[in-house]
Structures are given as structure tokens and as C-alpha cells.
Amino acid sequence: MIDLNINGQSVAVNAPEDMPLLWALRDIVGLTGTKFGCGIAQCGACTVHLDGQPVRSCVLPVGSIGKKAITTIEAVSQTPAGKSIQKAWLDVDVVQCGYCQSGQIMSAAALIQRTPNPSDADIDLAMSGNVCRCCTYSRIRAAIKQAATGKAEVLQSVVAMPARSAS
């Protein structure tokens with residue numbers, strides 16, 4: 001048995017020490033908000049917080065965690081940064097297919113927690129390990145800025161112009 005601190009609760013997990021945290025969360029504990037993406041820590045879909053830092057749970061052995069606190073998407077709203085990011089995500093309508101969103105939100109919440117007013121470069125660096133197949137990167141950036149500033153971000157959109165008649 002491995003004792004883990006998950007979302008503020010002590011949880012005994014019957015798993016081998018080399019089992020990736022993602023499997024323990026999803027298959028043993030039943031927290032399915034954290035998603036499997038690539039399995040090699042490249043896409044960020046499996047991001048959780050370990051003592052407030054974003055980590056890729058698909059490659060993190062449960063035996064290496066020790067007493068560190070694990071926070072998943074199910075509990076990130078209990079932090080001010082997580083709550084503001086989730087609200088902004090909805091306000092800006094970030095979600096497309098939604099598959100990467102829990103990992104995106106976890107990385108964004110960690111960014112806001114350590115850098116309350118991030119620059120574009122801060123956002124690009126913090127979010128560079130999270131892939132969105134729907135390419136909603138401009139909305140993700142807008143949501144992070146809105147969460148940081150509390151001000152609604154205006155997104156530019158491209159509107160097709162009506163065709164002109166040749167005369």
C-alpha cells in the first residue's frame with residue numbers, strides 16, 4: 001500500500017511503486033478528470049499539481065511521490081487561481097472537443113498561482129507543454145489573461161466579407 005495525499009485527503013493505494021500516478025488516479029481512486037494523452041509527458045493532458053507544481057502524471061511513479069500533495073482537476077477550483085481560471089475558461093468559451101482541457105487548466109492555474117500577472121511570454125512558456133488538437137490557443141491565452149486581470153478579454157475574429165459584384 002502507498003499512502004497518497006490526493007485533493008486534501010489521505011488515500012491508501014494498492015499499487016506497485018512504478019505504476020504511473022495517472023493510472024492510480026483513474027483506475028484505482030476513480031478520479032477520471034485527468035486524461036491520458038500521449039503517455040510520454042509530451043502533450044500535457046495528464047497534468048496534475050504536485051505541491052502546487054504542474055507535473056505529468058503519465059510518467060510519474062506513485063512510489064516517488066512521498067508526502068507531497070497531489071491536486072487534480074476535481075479539486076483545483078478550491079484554490080483562488082484554479083477557481084479564476086475555470087471561470088475564465090467558461091467566460092471565454094475555450095473548450096472545443098475538451099479532451100486536453102483538464103491538463104490545460106492545471107498548467108494555467110499553476111502559472112497564475114506563481115505569476116499573478118503573466119506576460120505573453122510567461123503564458124507561452126508555461127503552456128508550451130500542453131497541446132490542443134483543436135488549436136484554441138488564442139482563447140486559452142485570453143482566458144489566462146482574464147483570470148489574471150479580472151478584465152474580459154476581447155478576441156478578434158475574422159468575418160468573411162460579402163463578395164463584390166463585378167460591374
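Just after helix 2, D93 takes a positive phi of about 60°, although D93 is not a glycine. Helices here are DSSP runs of H or I with at least four residues, strands are runs of E with at least two, and both are numbered from the N terminus. D93 sits in the loop between helix 2 and helix 3. Most residues other than glycine have a negative phi. Another residue of this kind is D51, where phi is near 50°. D51 belongs to the loop between strand 3 (47-50) and strand 4 (53-56), and its relative accessibility of 49% makes it partly exposed. The cut-offs are under 20% relative accessible area for buried and over 50% for exposed, with partly exposed in between (1.4 Å probe, protein chains only).

A word on the model: it is predicted, so local features need pLDDT of at least 70 and side-chain atom pairs count only at pLDDT 80 or more, while totals for chains, interfaces and linings use all residues. Residues are numbered from 1 along each chain as its sequence is written, and side-chain values use heavy atoms, with hydrogens and water left out.

Back to helix 2 (residues 80-92): its end C-alpha atoms lie 18 Å apart, which agrees with the 18 Å that 13 residues should span at 1.5 Å a residue. That expected span is 1.5 Å times one less than the number of residues. Buried in this helix are A81, G82, I85, A88, W89 and V92. Seen down the axis, these buried residues fall within an arc of 130°, so they line one face of the helix; the arc is taken over directions from the helix axis to the C-beta atoms. On the other side, P80, K83, K87 and L90 are exposed. The buried residues pack against helix 3 and helix 5 (137-149), where contact means heavy atoms within 4.5 Å.

The largest nonpolar core (buried Ala, Val, Leu, Ile, Met, Phe, Trp, Tyr and Cys residues joined through side-chain atoms within 4.5 Å) has 24 residues, and I85, W89, I140 and I144 have the most contacts inside it. Helices 2, 3, 4 (120-127) and 5 each give two or more residues to this core, with the largest share, 6 residues, coming from helix 3. A second, separate core of 16 residues includes L25, V48, L60 and I65.

Leaving aside neighbours within four places in sequence, I85 touches I105, A108, A109, I112, I144 and A147. Over in helix 3 (residues 101-114), Q104 is buried at a relative accessible area of 1%. With the same neighbours left out, Q104 is in contact with W89, M127, N130, V131, C132 and I140.
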